[in-house]
Amino acid sequence: MRKTPAQHHLMRKLAAQSAVQASPHGEVLGDAYQLMLAQLTEHRRALKDIQSVERKIEFKRQILPDYDAWVDGVLSADAGGQDMVVATVTVWQIDVCQFARALELGSYAIKHGLDMPDQYERSLPVVLIDEFSDAALAGKMATEDAQVLLPQVLSLTETFDAPDEARAKLHKAIGYALIGRLGRQESVVDELPLDVVTPALAQLTRALELFQQIGVKKDVERLERRLRKLSDAPAS
């Protein structure tokens, strides 16, 4: 059920208060938080009964507005109490391709060291690396968005431990975003300017260093040829 503006304002206020009044162990406390946890439990139970991935995503898209007021209040308080609602909603936002919102929540969660719910086997930094890279490479993220958001994910997660294959995938996605090769797009490397070739080559080279089977060797070779051609071109 969607909240009225007054209800939204009240929930946002309660969320901010609950986050500030977290326990000494860091957990968010209060009746409002318990209500949100109950709602989250009910929604997770409903998701388990849905077999179709497509329908699961549509269900998440329908229910996510129910959490907006709470999340907005927690973000405004910026207090950092351990909050399973925020951690779960971060992942759900990625699932429904609301990438800017997911990164906003993910940045908050990483800043304050929020744990992931027990059902997630990966840490939040690894989740962000994996899911943003996969979405971009699959063409679920607009190229312009990928060019902005993926470097932010890289910066946000660079100090955290993550599998080399995952980081390689992120560098690959950044490089492909630069040259316009996400999803089924075809990049015309011979037409790329120097200010695109240089950073793209750096990203794909780093991907290859981290994981030789990342699948960018031919792209690296093409970009190296293009770079040599641009370097050899007479100055105008």
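## Two helices that cross

In this predicted model, helix α10 passes helix α11 in a left-handed crossing. Two packed helices are described by the angle between their axes and the distance between the axes. For the pair formed by α10, which covers residues 194-210, and α11, which covers residues 217-232, the angle is about 145° and the axes lie 9 Å apart.

On the α10 side, the contact is made by Leu194, Val197, Thr198, Ala200, Leu201, Leu204, Thr205 and Leu208, while α11 contributes Lys217, Asp219, Val220, Leu223, Glu224, Arg226, Leu227 and Leu230. What kinds of residues make up the contact of α10 with α11? They divide into 10 nonpolar, 2 polar and 4 charged residues.

## The protein as a whole

The two helices just described belong to a protein that contains 11 helices and 0 strands, and read from the N terminus its elements therefore run α-α-α-α-α-α-α-α-α-α-α, where a helix is a run of at least four residues. Of the 236 residues in the protein, 45% are buried. The accessible surface comes to about 12,800 Å², and carbon and sulfur atoms account for 50% of that area.

How many of the contacts with a separation of 6 or more join residues that stand 24 or more positions apart? Such pairs account for 70% of these contacts in the protein.

## Salt bridges within helices α10 and α11

The count of salt bridges in the model comes to 14, and one of them lies within helix α10, where the side chains of glutamate 209 and arginine 206 meet at 3.2 Å, taken from N to O. These two residues of α10 are 3 residues apart, about one turn of the helix. Glutamate 209 counts as exposed because its relative accessibility is 52%, which is over the 50% cut-off, whereas arginine 206, at 37%, counts as partly exposed.

Helix α11 holds a salt bridge between arginine 222 and aspartate 219, whose closest N and O atoms are 3.5 Å apart. Arginine 222 and aspartate 219 are separated by about one helical turn because they stand 3 residues apart in helix α11. Arginine 222 is partly exposed, with a relative accessible area of 33%, but aspartate 219 is buried, with a relative accessible area of 5%. Aspartate 219 is also among the residues of α11 that make the contact with α10.

## A bridge that belongs to a network

Another salt bridge links arginine 122 with aspartate 130, and here the closest N and O atoms are 3.0 Å apart. Is aspartate 130 buried or exposed? Aspartate 130 counts as buried because its relative accessibility of 11% is under the 20% cut-off, while arginine 122 is partly exposed, with a relative accessible area of 33%.

## Valine 189 in the loop before α10

Valine 189 is found in the loop between α9, which covers residues 164-179, and α10. Although valine 189 lies in a loop, this residue is buried, with a relative accessible area of 9%. Which residues does valine 189 touch, leaving aside its neighbours within four places in sequence? Valine 189 is in contact with Arg222, Leu223 and Arg226, and of these, Leu223 and Arg226 are named in the contact of α11 with α10, while arginine 222 is the partner of aspartate 219 in a salt bridge.

Valine 189 can also be placed relative to isoleucine 179, which is 10 residues away along the chain. The C-alpha atoms of valine 189 and isoleucine 179 are separated by 7.4 Å.

## Two loop residues with positive phi

Most residues other than glycine have a negative phi. Aspartate 78, however, has a positive phi of about 50° although it is not a glycine. Aspartate 78 sits in the loop between α4, residues 68-77, and α5, residues 84-95, and counts as partly exposed at 33% relative accessibility.

Cysteine 97, which is not a glycine either, has a positive phi of about 65°. The place of cysteine 97 is in the loop between α5 and α6, the latter covering residues 99-111. Cysteine 97 counts as partly exposed because its relative accessibility, 32%, is neither under 20% nor over 50%.

Terms used. Residues are numbered from 1 along each chain as its sequence is written. This is a predicted model: local features need pLDDT of at least 70, side-chain atom pairs count only at pLDDT 80 or more; totals for chains, interfaces and linings use all residues. Side-chain values use heavy atoms; hydrogens and water are left out. Axes are lines fitted to C-alpha atoms, for helices over the stretch in contact, and angles run from 0 to 180 degrees between N-to-C directions. A crossing is left-handed if the near helix is turned anticlockwise from the far one by less than a right angle, and right-handed if clockwise. Contact means heavy atoms within 4.5 Å. Ala, Val, Leu, Ile, Met, Phe, Trp, Tyr, Cys and Pro count as nonpolar, Asp, Glu, Lys and Arg as charged, and the others, Gly among them, as polar. Buried means under 20% relative accessible area, exposed over 50%, partly exposed in between (1.4 Å probe, protein chains only). Accessible areas come from the Shrake-Rupley method with a 1.4 Å probe; for residues, only the protein chains shown count as cover. A salt bridge is a side-chain nitrogen of Lys or Arg within 4 Å of a carboxyl oxygen of Asp or Glu.
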